[in-house]
Amino acid sequence: MLRRLASVLSTAAVCAFALGACSPTWNWRELRLEHAPIRIQLPCKPEQASRRVPLAGEVVDLNMTGCATQGMTFAVTSARLDAGASPAAVLAAWRESMLQTLRASEVKERPFTAPGAGVLALPQSVRVDARGLQPDGQPVQASAVWFARTEGDGVWVVHAAVYAAKPDPNVVETFLGAVRGD
């Protein structure tokens, strides 16, 4: 289940890296995600994809929005969990899956609290900065956050990440700092 999710995310990252050369640079735009109560800012024209994947013991619609420019890939992925699913368990497993996929090293982790309404205070809501390898073996740095939020009777899990060989720290902070519950 998590390996398939990791494969989907890896494929999305590779596709976004390939599209980066055609994107305008730092053309920031604010978006409310179409399939989730989340607001983000992206520095390039977004592309969207959706796929049904097994997650936390159930099949969910995983919605991805992202873009690439100047050698940096920006991605936000969200899924609505069914009643009874544990957002804490999903966030922990999702984090571990990304780190394994990247063959991550030099991992730095700290708590993360997304701004906005309905954000759950979970110890699994974290920010991770790590070095690793792209699927083609090239070095990559990743900065990512995970959090969960409620809306009505539903719970959403959210993952936002920036991948780059040499990320611009200001751009990373702008992107991750703008991810919020809406």
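Strands are DSSP runs (E, at least two residues), as helices are (H or I, at least four residues), numbered from the N terminus; two strands pair if DSSP finds at least two bridges between them. The model is predicted, so local features need pLDDT of at least 70 and side-chain atom pairs count only at pLDDT 80 or more, while totals for chains, interfaces and linings use all residues. Residues are numbered from 1 along each chain as its sequence is written, and side-chain values use heavy atoms, with hydrogens and water left out.

**Exercise 1.** Determine which residue of strand 2 stands opposite Arg29, and describe the sheet with the order 1-2-10.

*Solution.*
- Strand 1 and strand 2 (residues 38-42) run antiparallel and are joined by four bridges.
- Opposite Arg29 stands Leu42 in strand 2.
- The sheet is open and has three strands in the order 1-2-10, with antiparallel pairing.
- Strand 1 (29-32) and strand 10 (180-181) each have a single partner strand, so these edge strands each have one side without a neighbour in the sheet.

**Exercise 2.** Establish whether Val145 is buried or exposed, and list the residues that Val145 touches.

*Solution.*
- Val145 belongs to strand 8.
- Its relative accessible area is 0%; buried means under 20%, exposed over 50%, and partly exposed in between (1.4 Å probe, protein chains only).
- Val145 is therefore buried.
- Contact means heavy atoms within 4.5 Å.
- Not counting residues up to four places away in sequence, Val145 touches Phe112, Val126, Arg127, Val158, His159, Ala160 and Leu176.
- The C-alpha atoms of Val145 and Ala114 are separated by 8.8 Å, with their positions 31 residues apart along the chain counted as the separation.
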